[in-house]
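Below is a brief report on selected parts of one chain fold. It covers a loop, a strand residue and some helices.

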Amino acid sequence: MAKHYVLALLHKENDVFGISFPDYPGVISGGDTFDQAVNKGASALSFHLYGMAEDGDEISLPPPQEQAVRNATSEIDNGALPAFIEIEFPGKSVRINVSVEEGLLSQIDKAAARIGQSRSAFLADAARSRLRSAA
């Protein structure tokens with residue numbers, strides 16, 4: 001995993017903040033406060049990037065900060081608040097060999113199927129969750 005700074009644009013409307021990422025169209029979020037919108041936006045972008053990695057899609061890195069701002073000048077001129085958010089980009093998937101008790105494996109497969117994930121995605125999400133709680 002590598003960390004990169006991604007340009008986020010925040011828009012305030014009716015006391016609510018919306019957030020978007022010009023270099024990752026379609027990834028949007030929002031919040032009642034600036035900080036909440038930034039946090040939710042970072043989570044939405046991370047979720048999107050990890051989903052792309054799980055699907056085997058190519059993930060483009062963000063442009064240098066100066067270029068990102070130049071690319072978004074018109075939106076910034078129209079009132080968008082720029083912010084750079086540090087995001088962990090997923091690395092290349094690596095195949096591993098892991099032994100798991102067959103009953104547990106069956107439970108994992110059923111749980112993954114219920115939420116529309118592959119076994120690998122389910123296990124990776126579980127590991128990320130455990131790592132966050134152990135930090």
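## Loop, strand and helices

Asn14 is exposed, because its relative accessibility is 69%. Here buried means under 20% relative accessible area, exposed over 50%, and partly exposed in between, with a 1.4 Å probe and protein chains only. This is a predicted model, in which local features need pLDDT of at least 70, side-chain atom pairs count only at pLDDT 80 or more, and totals for chains, interfaces and linings use all residues. Residues are numbered from 1 along each chain as its sequence is written, and side-chain values use heavy atoms, with hydrogens and water left out.

Asn14 sits in the loop between strand 1 (2–13) and strand 2. Helices (H or I, at least four residues) and strands (E, at least two) are DSSP runs, numbered from the N terminus. Asp15 belongs to the loop between strand 1 and strand 2. Asp15 counts as exposed because its relative accessible area is 60%. Asn14 is not a glycine, yet its phi is positive. Asp15 is not a glycine either, and its phi is positive. The table lists positive phi values, including those of two glycines that follow helices.

| Residue | Place | Phi |
|---|---|---|
| Asn14 | loop between strand 1 and strand 2 | near 55° |
| Asp15 | loop between strand 1 and strand 2 | about 60° |
| Gly56 | just after helix 1 | about 80° |
| Gly116 | just after helix 4 | about 75° |

Ser20 lies in strand 2 (residues 16–20). Ser20 is buried, because its relative accessibility is 18%. Leaving aside neighbours within four places in sequence, Ser20 contacts Leu7, Ala8, Leu9, His11, Val27 and Ile28. Contact means heavy atoms within 4.5 Å.

### Helix 1

Helix 1 (residues 34–55) has 22 residues. From first C-alpha to last it reaches 31 Å, close to the 32 Å expected at 1.5 Å a residue. The expected span is 1.5 Å times one less than the number of residues. Its buried residues are Ala37, Val38, Gly41, Ala42, Leu45, Leu49, Tyr50, Met52 and Ala53. Their cover includes strand 1, strand 2, strand 3 (28–31), strand 4 (81–89) and helix 5.

### Helix 4 and helix 5

Helix 4 (residues 102–114) has 13 residues and should span 18 Å at 1.5 Å a residue; its end C-alpha atoms are 18 Å apart, which agrees. At its start, a side-chain oxygen of Glu101 comes to within 2.9 Å of the backbone nitrogen of Gly103.

Which residues of helix 4 are buried? They are Ile108, Ala111 and Ala112. Seen down the axis, the buried residues of helix 4 fall within an arc of 100°, so they line one face. The arc is taken over the directions from the helix axis to the C-beta atoms. The face turned away from the buried side carries the exposed residues Glu102, Lys110, Ala113 and Arg114.

The buried residues of helix 4 pack against helix 5 (119–134). The two helices pack at about 100°, with axes 9 Å apart. Axes are lines fitted to C-alpha atoms, for helices over the stretch in contact, and angles run from 0 to 180 degrees between N-to-C directions. Helix 4 and helix 5 are therefore roughly perpendicular, a term for angles of 65 to 115 degrees. Leu105, Ile108, Asp109, Ala111 and Ala112 of helix 4 meet Arg119, Phe122 and Leu123 of helix 5.

Leu123 counts as partly exposed, because its relative accessibility is 38%. Leu123 and Asp109 are 14 residues apart in sequence and 9.8 Å apart in space, C-alpha to C-alpha.

Key: A polar contact is a pair of N or O atoms within 3.5 Å; within protein, one must be able to donate a hydrogen and the other to accept it, and residues adjacent in sequence count only if both atoms are side-chain atoms. Angles under 35 degrees count as roughly parallel, over 145 as roughly antiparallel, 65 to 115 as roughly perpendicular and the rest as oblique.
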